[in-house]
Amino acid sequence: MKIYEKAPAKINLMLDVLHKRPDGYHEVEMIMTMVDLADRLEMEELPRDTIIISSQAGYIPLDEKNLAFQAARLIKDRYNVRSGVYIHLDKKIPVAAGLAGGSSDAAATLRGLNRLWNLGISPEELQLLGAELGSDVPFCVTGGTALATGRGEKLTPIANPPQCWVILAKLPINVSTADVYGRFRVQQIQQHPSAAAMQGAIESGSFAAVCNQLGNVLEDVTLQLYPEVAQLRETMMRLGADGVLMSGSGPTVFGLVSKESKVARIYNGLRGFCKEVYAVRMLT
Ligand code: ATP
């Protein structure tokens, strides 16, 4: 039997770093939601005790470094599953882009294998398993819109933001999340975005208020390292996006657009600047 799972990309509507913890992780406050740009996973049971990953994307690891591999191994070990699995990753989410592509693949693998092997694992338990794989995986297990605290693994579901277009643009730069956090200094932050204000904006249903509250304290680090990302951000604003922000540690920059009539102009304008541009809807 073959099963399929969709693994959507996440964006951060706000991302604040409160401090660095003694365990080396950063204490964060983020509001995350999902957009309709997704990888597609195909999973098939194998009679042998093995995990095989394939993908059309030539630039991701296919061995135990792949997060889908790690998710499959975790669930097999924890639930004593003897059979194996073949997982094909049809990658659409840009890699190392701040869109949690690998985390979403891991989450989709957990959900998919729970179904394939009839394990009856609850969503809460799947999230706990996900937290062992990475800070963004628990959010990707359930999706929706959530306030994430701790190192990103403590989730409070909140209302979905008003529906709109999301234009994503990624320059051909691979940003390491660890590198960005390594260079980040909390004392240098002039103004912290507010999770409470963003949550209030979302709950008010006002698209303009959501655009006003967008903020990501990691932008300064990535934009200084890669001035072309700052230029891309400015271009997106100039082309008329209603709100613009870098997602996660970057380098993807996204623009929120309420009017469909503006989408083609912004998309085409960005294509002159950047090869990878996507215009999608929020997944709400
Ligand atoms: P995060 O913000 O969670 O670090 P990201 O969106 O910036 O994620 P990913 O696309 O998840 O970045 O890729 C980060 C690294 O993880 C890449 O260097 C890649 O080699 C590795 N990786 C492991 N598994 C996967 C996967 N299934 N898909 C994409 N990358 C993967």
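These are my notebook entries from a walk through this structure.

**Entry 1: confidence**

I began with the kind of model I had open, and it is a predicted one. I looked up the confidence next: the average pLDDT of the chain is 96, and 100% of the residues reach at least 70. For the complex, I noted an ipTM of 0.94 and a pTM of 0.95 from the predictor.

**Entry 2: two domains**

I then asked how the chain is divided. I found domain 1 at 2-157 and domain 2 at 165-281. Taken over C-alpha atoms, their centres are separated by 23 Å. I looked at the contact between them, and it takes 22 residues from domain 1 and 32 residues from domain 2.

Which strands supply the side of domain 1 that touches domain 2? I wrote down β1 (2-20) and β2 (26-46), each with at least two residues there. β1 gives the most, with nine residues. I also sorted this side of domain 1 by class: 14 residues are nonpolar, four are polar and four are charged.

**Entry 3: the annotated stretch**

The UniProt record, an unreviewed entry, has the annotation "domain: GHMP kinase N-terminal" over residues 66-144. I checked what the chain does over residues 66-144: 54% is helix and 9% is strand. The C-alpha atoms at the two ends of this stretch are 24 Å apart.

**Entry 4: helix α2**

My next stop was α2, residues 101-116. I wanted to know if its length adds up. With 16 residues at 1.5 Å a residue, the helix should span 22 Å, and its end C-alpha atoms are indeed 22 Å apart, so the two agree.

Is α2 largely enclosed or open? I found 15 of its 16 residues buried, so the rest of the structure largely encloses this helix. Just after α2, I noticed that Asn 118 takes a positive phi of about 45°.

A reminder to myself for looking down any such helix: there are 3.6 residues a turn in an α-helix, so residues three or four places apart point the same way.

**Entry 5: the binding-site feature**

The unreviewed UniProt entry also places a "binding site" feature here, and its positions include Pro 94, Ala 96, Gly 101 and Ser 104. I picked Ala 96 and Ser 104 for a closer look.

Ala 96 is in the loop between β4 (84-90) and α2. I count Ala 96 as partly exposed because it has 19 C-beta neighbours inside 10 Å, and buried would take 20 or more. Leaving aside neighbours within four places in sequence, Ala 96 is in contact with Asn 174 and Val 175.

Ser 104 is in helix α2 itself. With 29 other C-beta atoms within 10 Å, Ser 104 is buried. I listed its contacts beyond four places in sequence, and among them are Ala 7, Pro 8, Ala 9 and Lys 10. Asp 39, Ile 93 and Cys 140 also touch Ser 104.

**Entry 6: Val 221**

Last, I looked up Val 221, which is in helix α8 (residues 219-225). Is Val 221 buried or exposed? I found 21 C-beta neighbours inside 10 Å, so Val 221 counts as buried. Beyond its neighbours within four places in sequence, Val 221 is in contact with Val 180, Arg 183 and Phe 184. I also compared its position with that of Gln 163: they are 58 residues apart along the chain, and 30 Å separate their C-alpha atoms.

Terms used:
Residues are numbered from 1 along each chain as its sequence is written. This is a predicted model: local features need pLDDT of at least 70, side-chain atom pairs count only at pLDDT 80 or more; totals for chains, interfaces and linings use all residues. UniProt positions are given in the numbering used here, feature names are shortened, and annotations may be inferred rather than shown by experiment. Helices (H or I, at least four residues) and strands (E, at least two) are DSSP runs, numbered from the N terminus. pLDDT is the predictor's confidence in each residue, from 0 to 100. Domain bounds come from an automatic or database domain assignment. Two residues are in contact if their C-beta atoms, placed from the backbone, lie within 7 Å. Ala, Val, Leu, Ile, Met, Phe, Trp, Tyr, Cys and Pro count as nonpolar, Asp, Glu, Lys and Arg as charged, and the others, Gly among them, as polar. The expected span of a helix is 1.5 Å times one less than its number of residues. A residue is buried if 20 or more other C-beta atoms lie within 10 Å of its own, exposed if 12 or fewer, and partly exposed in between; C-beta atoms are placed from the backbone.
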